[in-house]
Amino acid sequence: ASFKMAAQGGNYCLFLSQLPIHFDPMDKVGGVFFDSYNNHVLCVQKNNTDVNVKGLDARDNFLLNIPAKGVVKTIKFSGGAHGTQRVLSIQRHSNSVEFVSVFSSSVKEISLPRKPGKLESSEILDFFWVFQSELVVIVRKGGIDVYQFDISGMDFKVAKSIQANIGWVLFSQQSEHLLIRIKDSNLLYLYGFRRGSGAPIYKVTKFEVDMPSSPNAARNFLNHRDVVIMSLYSNVYIAVRTSTESRGTCATLYQPAPDGSCRPAHRLVIDANPPIMMTVVDNLCVVHHQISKTSMIFDIHLDEGAHQGGVSLHHPITSPLPIAPTRVQPKRSGGRSPIAPSQSSGGEVVDLYSVNWLIFQPNTIIDVKMGIMWQLKLNLEAVKTMIIDKTKLTYFLYNRSEGKEFVLSLCVEGLESSTLMPFQTLSLLFNIICQEHKLYLLSSQEGGDSPEVARQRKPFTISPSDMYARVFNPYKRKDSFSPKMLLTMLSEYIRALHKHEIKIDTCISELLMSVLIETKNFYQLQQFIQYHVIEDSSQLACLLVSKELVYPAGTQLALDMYRRQPNSEGDIIDIMFSRGQILTALRLVRSLGWENTVSARQFLEAAVNEGNKMVFYSIYKFFEERNLRLRSTKEFPPGEQCKPYEDLFNEWFPEY
């Protein structure tokens with residue numbers, strides 16, 4: 001999937017989703033509204049009764065009929081799974097919201113309970129659904145009303161009211177946080193929501209933003225267009241864009257703390273003047289500059305070492321670059337159409353960074369004039385070519401949901417002679433891989449579900465078996481592979497595994513041992529075994545025994561391994577049987593002094609399965625001699641259950 005994205009985005013770091021959603025353009029309908037909870041576009045026709053719904057899922061494309069009660073100002077669905085009953089909330093007047101049950105046998109209007117006081121008549125700034133359909137939050141200029149909703153009984157009850165003089169409101173459907181600015185101030189309140197006992201809404205933090213001002217100018221108040229609630233690496237931030245002559249344009253990320261405070265944690269240095277827009281793609285903050293038609297990508301997890309008053313400073317990880325040029329083919333049924341590359345002769349050219357664009361968090365872009373909704377995507381293949389520092393690139397990739405393929409490709413490139421990395425760089429890469437895998441193993445143990453561990457957990461891990469299957473073994477199969485290079489890299493990777501106390505997979509040790517034997521580096525092999533660079537195992541001992549014709553001394557090394565392995569007799573024999581090394585296994589049994597205790601039936605059965613009569617003959621005669629030595633008779637005792645093999649021997653070799 002990751003490499004397919006590279007083809008879609010070409011050499012551009014960002015591109016628009018390949019299957020955009022088509023809807024009726026703004027000039028052809030009564031109103032176009034985006035429902036961020038369900039990722040729906042709702043197009044209210046000019047008759048104000050027909051609503052055309054378009055969504056990312058094909059099941060989200062349908063037509064609704066609502067009561068004709070006037071012009072629709074805002075319209076949203078409650079949350080819920082496909083096919084379940086949901087509620088449509090409609091605002092037609094400045095101080096009221098209607099609720100209509102849909103997806104049931106009949107349309108039913110639901111009324112909010114009346115509340116005493118002036119708050120109910122205050123102008124509504126916005127309203128939201130929380131926890132699917134459990135809560136409705138109505139934010140008015142005079143405060144916040146929270147209602148609990150029972151979908152089975154189709155009724156509301158007042159849960160909590162907060163009085164405040166509110167200037168504007170923002171809501172993050174992703175993290176379900178509500179942000180308000182107190183009127184005529186830059187004081188911000190952040191609220192969260194909870195289930196269970198107690199009030200369903202609670203204050204997370206409050207803080208005041210120090211806005212830049214000029215002499216003899218009126219006080220500068222925050223505009224809601226300059227503020228975004230964003231979720232990055234499982235943390236909630238309030239991003240505030242400001243511009244000053246000394247500092248230029250920047251976005252400061254305020255992070256709420258458990259003690260209720262909220263302080264600047266990160267500052268994004270933006271080399272552009274407003275207007276700008278911010279989105280989040282795969283835990284990256286993307287800043288779009290409308291005038292230059294470029295985008296800047298910031299990663300707050302890449303510590304650049306620059307700080308200002310305790311705030312981490314961040315610059316774009318690449319130069320400002322545009323979103324990939326795009327053409328849109330004519331709309332197909334179902335509301336979707338494919339995007340074609342800009343080189344294609346067909347389709348309509350998309351005006352990127354258009355004034356008709358609306359951006360919704362985290363990464364939805366809507367062109368209301370064209371009537372198209374996209375999701376912004378990241379092209380990791382292009383980003384990979386633009387970050388020269390391989391260590392920085394590796395840490396960057398480890399925080400991306402599709403980064404695993406690209407980290408593995410970095411390792412492959414490190415082995416290729418045409419793209420040979422410095423040894424020190426590849427060593428650092430192996431150390432990062434082992435360090436992250438160790439953290440993954442620790443997080444999978446007790447306490448792995450804690451919020452702190454969840455924040456540190458990466459989207460993927462690369463295990464020793466991944467390195468074997470995707471890097472080292474494919475390289476060995478290439479005609480151009482260098483045994484010296486492979487030995488060096490395997491040894492360095494094993495060193496990193498030892499450093500981070502990670503168990504070495506047998507496949508890695510087998511590969512190292514095979515290359516050492518093939519290149520006749522017998523002394524180095526002996527040293528690796530002696531100093532436990534290659535750890536003892538039955539499989540490796542079997543490999544050494546199987547190479548006795550090439551490396552006779554390996555048999556003694558194998559015997560020493562076996563003796564260090566407790567209760568390994570059965571495992572050793574099974575492994576050698578699986579490789580068809582039945583006579584070799586018998587010789588090993590004799591050299592280890594196990595010939596009086598091993599199962600005769602086990603060896604005879606393996607010989608029959610091998611289908612070689614002479615092997616069966618040799619095995620049978622060996623155990624026949626054992627019977628004579630131990631019991632003074634050639635016959636097998638009944639307890640060994642060898643009667644079928646005695647009959648088979650008499651059938652195949654009647655003269656004996």
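How many residues lie between β12 and β13 in their hairpin? There are 2 residues between the two strands. The close-ups below come from a predicted model.

**Figure 1. Strand β13 pairs with β12 and with β14.**
Strand β12 covers residues 135-140, and 6 bridges join it to β13. These two strands run antiparallel. Strand β13 spans residues 143-150. Its pairing with β14 (residues 155-163) is also antiparallel, over 8 bridges. Q148 of β13 shows both contacts: L135 stands opposite Q148, and the bridge partner of Q148 in β14 is K157. β13 is mostly covered, with 6 of its 8 residues buried.

**Figure 2. A hairpin turn joins β13 to β14.**
The hairpin has 4 residues between its strands. M154 lies in this turn. Its phi is positive, at about 55°.

**Figure 3. Four strands, β15 to β18, form an open sheet.**
The strand order is β15-β16-β17-β18, with antiparallel pairing. β15 (166-172) and β18 (201-208) are the edge strands. Each of these edge strands pairs on one side only. Neighbouring strands of the sheet are turned by 20° against each other on average, direction ignored. Inside the sheet, 4 bridges join β16 (residues 177-182) to β17 (residues 187-193). I180 stands opposite Y189 in β17.

**Figure 4. Y189 and Y191 form a stacked aromatic pair.**
The structure has a count of 29 aromatic pairs. In the pair of Y189 and Y191, the ring centres are 6.2 Å apart, with 10° between the planes. Why does Y189 count as buried? Its relative accessibility is 17%, and buried means under 20%. Y191 counts as buried too, because its relative accessibility is 6%.

**Figure 5. F430 and Y493 pair across two helices.**
The ring centres of F430 and Y493 are 5.6 Å apart. Their planes stand at 70°, so the pair is edge-to-face. F430 lies in helix α5 (residues 423-443), and Y493 lies in helix α8 (residues 483-499). The pair therefore ties together parts that are 63 residues apart in sequence. Both F430 and Y493 are buried.

**Figure 6. Ring pairs build an aromatic cluster.**
The linked residues are F616, Y617, Y620, F636, F649, W652 and F653.

**Figure 7. Charged side chains lie over ring faces.**
K76 lies over the face of F127, at 4.8 Å from the ring centre. R400 lies over the face of F396, at 4.7 Å from the ring centre. R400 also belongs to a network of salt bridges that links it with D282 and D299.

**Figure 8. A salt bridge joins K293 and D351.**
The whole structure holds 19 salt bridges. In the pair of K293 and D351, the N to O distance is 3.4 Å. What does this pair tie together? K293 lies in the loop between β24 (284-289) and β25 (294-298). D351 lies in the loop between β30 (348-349) and β31 (357-360). The pair therefore ties together parts that are 58 residues apart in sequence. K293 counts as partly exposed, at 35% relative accessibility. D351 is also partly exposed, at 42%.

**Figure 9. E413 and K384 form a salt bridge between helices.**
The closest N and O atoms of E413 and K384 are 2.7 Å apart. E413 lies in helix α4 (residues 404-415), and K384 lies in helix α2 (residues 380-386). Parts that are 29 residues apart in sequence are therefore tied together by this pair. E413 is partly exposed, with a relative accessible area of 26%. K384 is buried, with a relative accessible area of 8%.

**Figure 10. R631 meets E640 in a salt bridge.**
The N to O distance between their side chains is 3.8 Å. Buried or partly exposed: which term fits R631? R631 counts as partly exposed, at 36% relative accessibility. E640 counts as buried, at 19% relative accessibility. The cut-off for buried is under 20%.

Technical notes: Residues numbered from 1 in each chain as written. Predicted model: local features only at pLDDT ≥ 70, side-chain atom pairs only at ≥ 80, totals over all residues. Heavy atoms only, no water. Pairing = 2+ DSSP bridges. Axes fitted to C-alpha atoms, helices over the stretch in contact; angles between N-to-C directions. Phe/Tyr/Trp six-rings, centres within 6.5 Å; stacked < 30°, edge-to-face > 60°. Buried < 20%, exposed > 50% of the residue type's maximum accessible area, 1.4 Å probe, protein only. Lys NZ or Arg CZ within 6 Å of the ring centre and 35° of its normal. Salt bridge = Lys/Arg side-chain N within 4 Å of Asp/Glu carboxyl O.
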